[in-house]
Amino acid sequence: MKNTLLVASLATAALGLALGAPPARAETDLGSGFTLSGNATLTNDYRFRGYSQTNFRPAVQLGVDLTHTSGFYLGNWNSNVADNVFNEANLEMDFYGGWSGELGHGLGLDIGVLQYWYPGSDKTPVAGKGGNFSNTDLYLGLSYEAFSLKYSYSPSDFFNTPDSKGTWYLDASASFDLGDGWGLDAHLGYQKLKNQVDMNGDGIGHYVDYRLGVSKDLNGWVLGLAAVGASDSNWLPTRSGKESGRLGAVFSVSRAF
């Protein structure tokens with residue numbers, strides 16, 4: 001997911017997503033308390049929880065959010081992905097919904113459900129996994145000023161890996177306004193895994209991913225540059241067999257509409 005509904009609480013999730021501060025939301029008033037907003041991003045590499053989803057190649061991403069003054073929201077976010085990662089699928093579509101609002105004393109709450117879907121991934125079964133690389137996350141996020149903490153839990157098998165129910169992810173993030181359109185963001189995530197192996201065939205039970213980035217807002221166009229990686233970079237390979245979680249620089253251009 002690209003757009004945030006609280007300060008940095010709903011971002012990356014998916015979506016990992018744009019690296020650097022998200023663009024300010026441009027909203028269209030639909031009446032009866034409903035507003036509609038969208039966002040678009042062009043990036044040289046789509047990273048999800050530290051790992052490249054595009055074989056270190058560019059991605060075009062588009063999202064839309066429908067929100068209500070009561071705090072309830074629905075949204076959709078999309079990005080191209082590498083078909084070798086998701087069983088012949090080259091598109092990720094995320095659908096999410098929930099509620100976000102203020103609890104008082106500057107504390108924000110965000111709670112909801114996120115469904116990842118990869119059209120076409122069920123056409124050719126994978127040995128030991130079957131097809132359909134969809135995944136469901138239940139999430140709970142808290143934010144306070146520039147800081148946020150988000151917990152995501154997978155009640156079903158994690159991206160179609162058998163016997164991996166109960167996988168979870170903890171995301172700690174901070175975003176700072178440096179003035180004159182400049183922003184600084186930092187992220188540290190802990191991914192708990194079940195029944196997963198790395199490129200060497202060894203079991204991997206967890207890893208840490210990280211990001212440190214800067215951004216510049218140029219009349220609504222947000223330029224981002226971030227260093228991104230994972231502690232166990234060899235969990236997933238690229239098409240050429242390289243470690244997709246290795247430290248790398250991610251550039252992005254984003255705009256809200």
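**Exercise 1. A buried pair**

Which residue forms a salt bridge with D137, and how far apart are the closest N and O atoms?

*Solution.* Note that this is a predicted model.

Step 1: Find the partner. D137 pairs with R49, and the closest N and O atoms are 3.0 Å apart.

Step 2: Place both residues. D137 sits in strand β9 (residues 135–144), while R49 is in the loop between β3 (47–48) and β4 (51–52). The two are 88 residues apart, so the bridge links distant parts of the chain.

Step 3: Check burial. Buried means under 20% relative accessible area. D137 has 2%, so D137 is buried. R49 has 7%, so R49 is buried too.

**Exercise 2. Two more salt bridges**

State how many salt bridges the structure holds, then locate the pairs D83 with R239 and K216 with D180.

*Solution.*

Step 1: Take the total. The structure holds five salt bridges.

Step 2: Look at D83 and R239. Their side chains meet at 2.3 Å, N to O. D83 is in the loop between β6 and β7 (91–104), and R239 is in the loop between β14 (221–230) and β15 (248–256). The pair therefore ties together parts that are 156 residues apart in sequence. D83 is partly exposed, because its relative accessible area is 35%.

Step 3: Turn to K216 and D180. Their closest N and O atoms are 3.9 Å apart. K216 belongs to strand β13, and D180 to the loop between β11 and β12. This bridge joins parts that are 36 residues apart in sequence.

Step 4: Set the two ends side by side. K216 is buried at 16% relative accessible area. D180 is exposed at 67%.

**Exercise 3. Inside the core**

Describe the largest nonpolar core, then list what W235 touches.

*Solution.*

Step 1: Count the residues. The largest nonpolar core has 24. F86, Y118, F159 and W235 have the most contacts inside it.

Step 2: Name contributing strands. β6 (72–80) and β8 (107–117) each give the core at least two residues.

Step 3: Follow W235. Set aside its neighbours within four places in sequence. W235 then contacts Y51, F158, L193, Q196, V197, D198, M199, I204 and Y207.

Step 4: Recall the general rule. In soluble globular proteins, nonpolar side chains tend to be buried together.

**Exercise 4. Nonpolar residues on the surface**

Find the residues of the nonpolar surface patch and decide whether L212 is buried or exposed.

*Solution.*

Step 1: List the members. F147, F176, L178, W182, L184, L212, V214, L225 and F251 make a patch of about 820 Å².

Step 2: Find the elements. β11 (168–179), β12 (182–192) and β13 (206–218) give two or more residues to the patch.

Step 3: Judge L212. L212 lies in strand β13. Exposed means over 50% relative accessible area. L212 has 52%, so L212 is exposed.

**Exercise 5. Apart in sequence, apart in space**

Give both separations for G31 and H68.

*Solution.*

Step 1: Place G31. G31 is in strand β1 (residues 27–31). At 28% relative accessible area, G31 is partly exposed.

Step 2: Read both separations. G31 and H68 are 37 residues apart in sequence. In space they are 9.6 Å apart, C-alpha to C-alpha.

**Exercise 6. Reading the confidence**

Which residues have pLDDT under 50?

*Solution.*

Step 1: Start with the whole protein. The average pLDDT is 88, and 86% of the residues score at least 70.

Step 2: Find the low stretch. Residues 1–22 stay under 50. The model has 91 contacts beyond four places in sequence for this stretch.

Step 3: Apply caution. Where pLDDT is low, the predicted coordinates should not be read in detail.

Methods
Residues are numbered from 1 along each chain as its sequence is written. This is a predicted model: local features need pLDDT of at least 70, side-chain atom pairs count only at pLDDT 80 or more; totals for chains, interfaces and linings use all residues. Side-chain values use heavy atoms; hydrogens and water are left out. A nonpolar core is a set of buried Ala, Val, Leu, Ile, Met, Phe, Trp, Tyr and Cys residues joined through side-chain atoms within 4.5 Å. Buried means under 20% relative accessible area, exposed over 50%, partly exposed in between (1.4 Å probe, protein chains only). Helices (H or I, at least four residues) and strands (E, at least two) are DSSP runs, numbered from the N terminus. Contact means heavy atoms within 4.5 Å. Patches are made of residues with over 30% relative accessible area and no salt bridge: like charges are joined within 9 Å, nonpolar side chains (Val, Leu, Ile, Met, Phe, Trp, Tyr) within 5 Å. Accessible areas come from the Shrake-Rupley method with a 1.4 Å probe; for residues, only the protein chains shown count as cover. A salt bridge is a side-chain nitrogen of Lys or Arg within 4 Å of a carboxyl oxygen of Asp or Glu. pLDDT is the predictor's confidence in each residue, from 0 to 100.
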